[in-house]
Amino acid sequence: MSEDKKAELYTTLAGEGVDEFEERKSLFICHAKHITREDEAMEFVKAKKKEYSDATHNCWAYLLKGGIVARYSDDGEPQGTAGVPMLETIRKSGVCDCVVVVTRYFGGILLGAGGLVRAYAAAAHEADSLIAELGIGKRGESGFLGEDVQ
């Protein structure tokens, strides 16, 4: 079987991006980055947690290997209100091999469970969308085979 037949095309982020928005006085800062390994995702998460160590929450989610590897964290938000909506937003976007970190600075107004779910899902969507160009990668048996193309 040829290498081309072994390789699978998929959509991923072309680079790294950041955006922010405010929801009922809470500031949400969204970061997204293309990754190829779990340790790379966790290094990015640790770096953002360190950069925003004064934030109320640094929630994250990542998706690798066509959805086979998926992890998330609510980082102190009520269970299922941050990491899961972020992960589902990534899945629905069709993007893979990416990590999203959303930093929240609490603004004094409680959003409630529904408000948190909507805010974190919107943040993940914003983080994926803010990178205007999506790349097409090739993944074969040995992992990522090529550079992102436009």
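Is F28 buried or exposed? At 0% relative accessibility, F28 is buried. I will come back to that residue after an overview. Please keep in mind that this is a predicted model.

The overall layout, then. The protein has four helices and eight strands. Going along the sequence, their order is α-β-β-β-α-β-β-α-β-α-β-β. There are 150 residues in the protein, and 43% of them are buried. The accessible surface is about 7900 Å², with carbon and sulfur atoms accounting for 50% of that. As for contacts, take those between residues at least 6 apart in sequence: 68% of them join residues at least 24 apart.

Next, strand β6, residues 98–105. Seven of its eight residues are buried, so β6 is largely enclosed by the rest of the structure. Which strands pair with β6? One is β3, residues 26–34, joined to β6 by eight bridges and running antiparallel to it. Another is β4, residues 57–64, also antiparallel to β6, with seven bridges between them. To fix the register on the model, I29 has T103 as its bridge partner in β6. On the β4 side, A61 is bridged to V100 of β6.

T103 is worth a moment. This residue lies in β6 and is buried, with a relative accessible area of 0%. What does the side chain of T103 touch by a polar contact? The answer is the side chain of N58, at 2.6 Å. Setting aside neighbours within four places in sequence, T103 is in contact with several residues, among them L27, F28 and I29. The list also includes Y52, A55, H57 and N58.

Y52 appears again with H31. H31 is in strand β3 and is buried, with a relative accessible area of 4%. Its side chain makes a polar contact of 3.3 Å with the side chain of Y52.

Now the rings. How many aromatic pairs are there? The count is three. One of them is F21 with F28, a stacked pair, 5.2 Å from centre to centre and with 10° between the planes. So we are back at F28, which is buried at 0% relative accessibility. Another stacked pair is W60 with Y62, where the centres are 5.7 Å apart and the planes are at 10°. Both W60 and Y62 are buried. Ring pairs also link F21, F28 and Y120 into a cluster.

Last, the cysteines. A disulfide is a covalent bond between the sulfur atoms of two cysteines. How many disulfides does the structure hold? It holds zero. Why is C98 in no disulfide? The nearest cysteine sulfur, that of C96, is 7.5 Å away, and a disulfide needs the sulfur atoms within 2.5 Å, so C98 does not qualify. C98 is buried, at 0% relative accessibility. C30 is buried as well, with a relative accessible area of 0%.

To sum up, β6 is largely enclosed by the rest of the structure. It is bridged to β3 and to β4. T103, in β6, has a polar contact with N58 and is in contact with F28. F28 in turn is stacked with F21. That is what I have for today.

Definitions and conventions: Residues are numbered from 1 along each chain as its sequence is written. This is a predicted model: local features need pLDDT of at least 70, side-chain atom pairs count only at pLDDT 80 or more; totals for chains, interfaces and linings use all residues. Side-chain values use heavy atoms; hydrogens and water are left out. Helices (H or I, at least four residues) and strands (E, at least two) are DSSP runs, numbered from the N terminus. Buried means under 20% relative accessible area, exposed over 50%, partly exposed in between (1.4 Å probe, protein chains only). Contact means heavy atoms within 4.5 Å. Accessible areas come from the Shrake-Rupley method with a 1.4 Å probe; for residues, only the protein chains shown count as cover. Two strands pair if DSSP finds at least two bridges between them. A polar contact is a pair of N or O atoms within 3.5 Å; within protein, one must be able to donate a hydrogen and the other to accept it, and residues adjacent in sequence count only if both atoms are side-chain atoms. Rings of Phe, Tyr and Trp (its six-membered ring) pair if their centres lie within 6.5 Å; planes under 30 degrees apart count as stacked, over 60 as edge-to-face and the rest as tilted.
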